[in-house]
Amino acid sequence: MNKKIYSLCMGLLLFAAVTSCDSEVDPGGTATQNLSGEWFVKVEILDEGERFDVTELWLGVERILVSTYNTAANIPTEIFVDDNSNFWDFKGKVKADATNFVFGSADIITNLQYESQFIITDGKVLNGVGHSKTGVVTDSIMFTIKFNDDDPEWGTEYYFSGHRRTGFIEDEY
């Protein structure tokens with residue numbers, strides 16, 4: 001009797017395993033997948049019309065990792081922008097237009113990492129125009145940010161630009 005029950009259970013388990021592999025389920029994507037990702041970026045100061053790279057100078061690294069991702073609402077008009085505590089320790093909900101690959105506005109954004117505020121403008125993702133460390137073609141990102149707790153307050157514009165993380169070890173910074 002135990003052999004029959006065991007055989008029946010094994011048969012059902014095998015059937016479930018085989019049929020689940022043939023499933024055509026499409027999990028879909030998020031409303032902001034055009035803008036979402038992990039990005040290796042450099043940070044530059046905009047000063048009198050010129051850009052000065054501060055990533056290596058201030059942080060001692062060539063690039064930092066920034067993330068963009070959908071909110072719990074999963075709507076195409078807002079994303080989170082998060083520096084993963086790699087630059088200013090900022091994270092906030094930013095206006096977006098996922099259809100046109102743009103984000104940002106003149107609105108003040110509450111920093112969810114600590115009590116402060118920031119503004120992100122001119123954010124965009126460009127498909128297929130970025131290049132990874134090893135030359136792999138990937139997407140590109142850019143945006144400008146200002147912080148209320150900078151000196152002078154709201155005074156310095158920082159320009160973030162870079163490319164989408166490929167996941168290849170050779171492309172890591």
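**Surface patch, buried loop, strand S5**

Colleague: Which residues make the nonpolar surface patch of about 380 Å²?

Modeller: Leu 57, Trp 58, Leu 59 and Val 61 make that patch. Patches take residues with over 30% relative accessible area and no salt bridge (Lys or Arg side-chain nitrogen within 4 Å of an Asp or Glu carboxyl oxygen), joining like charges within 9 Å and nonpolar side chains (Val, Leu, Ile, Met, Phe, Trp, Tyr) within 5 Å. Areas are Shrake-Rupley values with a 1.4 Å probe, with only the protein chains shown as cover.

Colleague: What sort of model is this?

Modeller: It is a predicted model, with residues numbered from 1 along each chain. Local features need pLDDT of at least 70 and side-chain atom pairs 80 or more, totals for chains, interfaces and linings use all residues, and side-chain values use heavy atoms without hydrogens or water.

Colleague: Where is Val 61, and why does Val 61 count as partly exposed?

Modeller: Val 61 is in the loop between helix H2 (55–59) and strand S3 (64–70); helices (H or I, at least four residues) and strands (E, at least two) are DSSP runs numbered from the N terminus. Val 61 counts as partly exposed because its relative accessibility is 32%; buried is under 20%, exposed over 50%.

Colleague: Different loop now. Is Thr 32 buried or exposed?

Modeller: Thr 32 is buried, at 0% relative accessibility. Its loop joins helix H1 (2–21) to strand S1 (37–47). Beyond four places in sequence, its contacts (heavy atoms within 4.5 Å) include Tyr 69, Pro 76, Ile 79 and Ala 98.

Colleague: And Leu 35, buried or exposed?

Modeller: Leu 35 is buried at 0%, and it also sits in the loop between H1 and S1. Among the residues that Leu 35 touches are Ile 79, Ala 96, Phe 101 and Phe 103. Leu 35 and Ile 79 are 44 residues apart along the chain, with 8.0 Å between their C-alpha atoms.

Colleague: What does Ile 79 stand opposite in S5?

Modeller: Val 94. Strand S4 (residues 78–82) runs antiparallel to S5, with five bridges joining them; pairing takes at least two DSSP bridges.

Colleague: How do the side chains of S5 point?

Modeller: They alternate along residues 91–97: Gly 92, Val 94 and Ala 96 face one way and are buried, whereas Lys 91, Lys 93, Lys 95 and Asp 97 face the other and are not. That is the pattern of a regular strand, where side chains alternate between the two faces of the sheet.

Colleague: How many residues lie between S5 and S6 in their hairpin?

Modeller: Four, and Phe 101 in the turn has a positive phi of about 60 degrees. S5 pairs antiparallel with S6 (residues 102–103) over two bridges, and Ala 96 stands opposite Phe 103.

Methods. Buried means under 20% relative accessible area, exposed over 50%, partly exposed in between (1.4 Å probe, protein chains only).
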